[in-house]
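Biologist: Hey, got a minute? I'd like to go through this one with you before I set anything up.

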Amino acid sequence: MRQYFFDTADYINSLIEGGEVYTAFLSGEDSDFCRLNGGRIRQAGSVKQNELSLRLINGARHASATLSLTGNKASDQSELSSIVRELREQLAELPDDPYLLYATEVSSSDSMRVSELPDSRETVAQIVTKSKGLDLVGIFASGSIYRGFANSLGQRNWYACHPFNFDFSLYLRADKAVKTGYAGFSWADSAFDAKLHAAREQLEILKLTPKTIKPGKYRVYLSPSALNEVTDMLSWNGFGLKSHKTKQTSLLRMIEAGASMHESVSLLENTAGGLAPDFSSLGYRRPAHVQLIERGQYKDCLVSPRSAKEFGVSTNGASEAESPQSLEMASGSINLAEVPDVLGDGVYINNLWYLNYSDQSACRMTGLTRFASFWVEGGKIEQPLNVMRFDESAIRMLGDNLIGLTKEREMIMSSHTYGQRSVSSVHLPGAVVKDFSFTL
């Protein structure tokens with residue numbers, strides 16, 4: 001696909017007139033999917049798609065369109081010719097965009113990771129065999145993901161990776177389930193077996209009579225999956241320059257009131273170690289790292305080209321939403337096996353659900369525990385916990401109330417497949433927190 005995309009870019013060059021500039025961004029995949037229910041295959045298939053976003057620019061005017069590349073040169077070139085003509089006609093009617101900014105310094109790149117994926121059929125067959133007797137529900141996705149950029153200035157960028165993602169749950173009954181997942185670039189039987197074994201053990205605990213606790217403040221352990229829900233909320237207008245300048249960031253108290261997180265908390269956009277490509281849809285190269293929070297103190301923003309133009313700063317290639325795509329949190333000092341002992345009496349949370357801000361300016365979030373959450377007493381997991389709602393400030397959660405982070409971290413790749421497979425990922429530890437507020 002790489003060469004076909006570059007050939008397509010060369011053809012678009014031949015369509016450009018006068019002072020026009022074009023940018024083209026390709027999102028593609030060649031993926032296998034399999035849905036499972038009751039430990040059996042319910043739906044299987046493959047998707048091969050390549051979506052091209054084309055932007056035509058003339059001065060400060062620009063118009064864009066999206067098309068699916070078929071791989072048939074004659075058909076694709078005919079469609080592109082029509083689209084360029086239509087975009088040119090639109091440009092004549094459009095006003096100047098005062099915040100238009102796109103890469104004009106050519107910075108080409110080529111990143112192609114070697115595929116280590118096993119045959120999808122063999123992997124799914126293993127899953128079915130190993131989950132015999134379990135009500136396993138999930139979706140398995142595996143295959144190649146492509147991203148490409150080209151413009152009329154001669155820049156060419158290509159990125160290809162080959163991840164798998166198995167997002168699954170073991171159900172007991174009704175809403176009683178253990179949710180987990182396994183993702184990566186090379187399938188290891190031992191790693192999947194460990195995930196499945198841990199889920200089986202928690203499923204046995206779910207068979208016990210559930211406990212209901214009174215609203216109040218408790219010690220809690222947030223697994224990497226649970227902490228991911230918290231950082232996902234923080235990523236919503238938390239780290240972007242525009243949200244800071246317009247005072248809509250949920251981290252406003254860190255920016256203006258001197259609030260800080262615990263000194264062990266460091267967050268960075270780690271493009272070099274994540275799943276996303278190191279170039280944006282407008283051709284800007286992304287730095288290997290952007291330090292967002294360093295030892296509890298806010299440090300840098302993610303800056304999209306439009307924000308860079310509006311506020312007179314340099315862009316670091318962030319998306320228009322200015323949210324992290326490869327978020328990483330530094331590890332701590334607590335061994336995962338010691339978490340129940342560190343908790344003493346408290347709540348072990350595997351997943352949080354339905355999060356939203358209850359007070360965005362104060363970084364207060366509300367949401368529910370879900371799936372396998374447990375009551376821990378005397379350093380031992382005793383029984384499952386009924387669903388509880390929490391309402392807590394993330395700054396306090398990761399600040400004064402943070403007891404510690406785990407040494408072990410988990411790489412969690414987004415399982416979103418709406419339109420296409422996501423290239424977002426996080427690398428997070430678990431967190432032990434005191435005085436965590438449950439409201440009902």
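**Chat about the domain interface**

Modeller: Sure. Across the interface of domain 1 and domain 2, 19 residue pairs are in polar contact, both partners being at pLDDT 80 or more. Keep in mind that this is a predicted model.

Biologist: OK, and which strands build the domain 1 side that touches domain 2?

Modeller: β1 (21-37), β2 (40-58), β5 (135-151), β6 (156-161), β7 (164-173) and β8 (176-184) each put in at least two residues. The largest share comes from β5, with 8 residues.

Biologist: What's the mix of nonpolar, polar and charged on that side?

Modeller: On the domain 1 side that touches domain 2, there are 21 nonpolar, 17 polar and 9 charged residues.

Biologist: How many salt bridges cross the interface?

Modeller: The rule finds 2 between domain 1 and domain 2.

Biologist: Separate thing: what does Arg306 form a salt bridge with?

Modeller: With Asp97, and the closest N and O atoms are 2.7 Å apart.

Biologist: Back up a bit. Where are the domain bounds?

Modeller: Domain 1 runs over 2-201 and domain 2 over 216-438. The contact between them takes 47 residues from domain 1 and 31 residues from domain 2. Their C-alpha centres lie 25 Å apart.

Biologist: And what area is buried between domain 1 and domain 2?

Modeller: About 3200 Å², with carbon and sulfur atoms giving 56% of that. In domain 1, Tyr99, Leu101 and Lys179 lose the most area to domain 2, and together they make up 21% of what that side buries.

Biologist: Switching topic: is Arg156 buried or exposed?

Modeller: Buried. Its relative accessible area is 14%, and buried here means under 20%, so Arg156 qualifies. It lies in strand β6.

Biologist: What does the Arg156 side chain make a polar contact with?

Modeller: The side chain of Asp10, at 3.1 Å.

Biologist: Which residues does Arg156 touch, leaving out those up to four places away in sequence?

Modeller: Beyond that sequence window, Arg156 touches Phe6, Ala9, Asp10, Asn13, Tyr22, Ser108, Ser109, Phe149, Ala150 and Asn151. So Asp10, the polar partner, is in that list by the 4.5 Å contact rule too.

Biologist: Last one. How many residues of helix α5 are buried?

Modeller: 8 of its 11 residues, so α5 (residues 224-234) is mostly covered, buried being under 20% relative accessible area. The buried ones are Pro224, Ala226, Leu227, Asn228, Val230, Thr231, Met233 and Leu234.

Terms used
Residues are numbered from 1 along each chain as its sequence is written. This is a predicted model: local features need pLDDT of at least 70, side-chain atom pairs count only at pLDDT 80 or more; totals for chains, interfaces and linings use all residues. Side-chain values use heavy atoms; hydrogens and water are left out. Buried means under 20% relative accessible area, exposed over 50%, partly exposed in between (1.4 Å probe, protein chains only). Helices (H or I, at least four residues) and strands (E, at least two) are DSSP runs, numbered from the N terminus. Domain bounds come from an automatic or database domain assignment. Buried area is the accessible area (1.4 Å probe) that two parts lose on being put together, summed over both. A salt bridge is a side-chain nitrogen of Lys or Arg within 4 Å of a carboxyl oxygen of Asp or Glu. A polar contact is a pair of N or O atoms within 3.5 Å; within protein, one must be able to donate a hydrogen and the other to accept it, and residues adjacent in sequence count only if both atoms are side-chain atoms. Ala, Val, Leu, Ile, Met, Phe, Trp, Tyr, Cys and Pro count as nonpolar, Asp, Glu, Lys and Arg as charged, and the others, Gly among them, as polar.
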